[in-house]
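Me: Hi! Could you walk me through this one? I'd like to start with a single residue and then wander around.

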Amino acid sequence: SYVWLLKFPALGEANVQAKAAEFGVPPGRIIFSSVAPKEEHVRRGRVADVCLDTPLCNGHTTGMDMLWSGTPMITMLGESLASRVAASQLTTLGCPELVATNYQQYEEIAVALGNNPTELQAMRQKVRLARATSPLFNIGSFARHLGDLYLRIWDKRARGQPNDHITNTTQRTLPSDRLLCTEPLLEAVSPDEYMSRLMKQQQSVPAWKTAPSNF
C-alpha cells in the first residue's frame, strides 16, 4: 500500500517521512504530488483505491471531487461542522458504511477495504453508480429546493410572521398565487433568461407581496 499526499513544504515532508519510519513504514511508501488543475485533479483521483478523509477538518470540496471520481472516501464523524461535512456527503450518497464514529472503526474500515479486493471493487462500483441517482450531485434538485426555501422565508417575512426554523424541506407548501417565482421559472433555462423572466414577473408583484418598510 501507498499513501498519496499533497506536497508539503520541504520540512513538512521530511517530518512526515520521519514519523512514518518510526511506525515501520518502509521508505518510498509515502508519495507527494504537486497541485494539479481541476480536471487533472479529479481524473487522477480515480487512481487511488480509497480516499482517507482527515477527521478534524474534512475534505469539503476535495471530498466531493473524490466521490465524483468514483473513489470511496472514509471519514470519521466529529463534533464541529468542519469535521462532519464528509459524513453528510457520504450519507447523502447512500454510503453511510464509510462513516466511522471513532478512530478504531476508521482504521477497521480502511483495513477491510485494503485487504479485500472484492469488497473494494464492490464499494467503488457502488460509489460510481450512486453519483447518477443520489441527491448529492443533483444540482437541479438542489437549486429548486433552495429557491423554494428562499421563497418560504420571504413569504413569512411579508406576512409579518416571526422568524422560525423551516424543517420540512421536501414539499412545496406555498400556493402558486403566493409565489414570487412560479414553476415555469424552474425549467432548465440559461441564467440570463432566468433573471430576465424573474425581473418581468417581479414588476407585476402586488403591493402586499413587497417587504415591510423595516426589512
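Me: Sure thing, so is isoleucine 31 buried or exposed, or in between?
Reply: Isoleucine 31 is partly exposed, because its relative accessible area is 38%. Buried means under 20% relative accessible area, exposed over 50%, and partly exposed in between, with a 1.4 Å probe and protein chains only. Bear in mind that this is a predicted model: local features need pLDDT of at least 70, side-chain atom pairs count only at pLDDT 80 or more, and totals for chains, interfaces and linings use all residues. Residues are numbered from 1 along each chain as its sequence is written, and side-chain values use heavy atoms, with hydrogens and water left out.

Me: Which strand holds isoleucine 31?
Reply: Isoleucine 31 is in strand β2, residues 30–33. Helices (H or I, at least four residues) and strands (E, at least two) are DSSP runs, numbered from the N terminus.

Me: And which residues join Ile31 in a nonpolar patch?
Reply: Tyr2, Trp4 and Val47 share the surface patch with Ile31, and together they have about 430 Å² of accessible area. Patches are made of residues with over 30% relative accessible area and no salt bridge, where like charges are joined within 9 Å and nonpolar side chains (Val, Leu, Ile, Met, Phe, Trp, Tyr) within 5 Å. The areas come from the Shrake-Rupley method with a 1.4 Å probe, and for residues only the protein chains shown count as cover.

Me: Switching to the sheet, what is the strand order?
Reply: The order is β3-β4-β5, an open sheet of 3 strands with parallel pairing. β3 (51–52) and β5 (99–100) are the edge strands, each pairing on one side only. Two strands pair if DSSP finds at least two bridges between them.

Me: How many bridges join β3 and β4?
Reply: There are 2 bridges, in the parallel sense, and β4 covers residues 73–76. Across from isoleucine 74 in β4 stands leucine 52.

Me: What packs on that sheet?
Reply: Helix α5 (residues 103–115) does, touching β3, β4 and β5 (contact means heavy atoms within 4.5 Å), and its direction makes about 165 degrees with that of β4. Axes are lines fitted to C-alpha atoms, for helices over the stretch in contact, and angles run from 0 to 180 degrees between N-to-C directions.

Me: Which way do the β4 side chains point?
Reply: Met73 and Thr75 point one way, Ile74 and Met76 the other, and all are buried.

Me: OK, new topic: how many salt bridges are there?
Reply: The whole structure has 7. A salt bridge is a side-chain nitrogen of Lys or Arg within 4 Å of a carboxyl oxygen of Asp or Glu.

Me: What does lysine 38 pair with?
Reply: Lysine 38 meets aspartate 65, with the closest N and O atoms 2.8 Å apart. Lysine 38 lies in helix α2 and aspartate 65 in helix α3, so the pair ties together parts that are 27 residues apart in sequence. Lysine 38 is partly exposed at 47% relative accessibility, while aspartate 65 is buried at 10%.

Me: What else is buried in α3?
Reply: Besides Asp65, helix α3 (residues 60–68) has Gly63, Met66 and Leu67 buried. Their cover includes α2 (38–45), β3, β4, α4 (85–93) and α6 (117–133).

Me: And what follows α3?
Reply: Glycine 70 follows α3, with a positive phi near 90 degrees.
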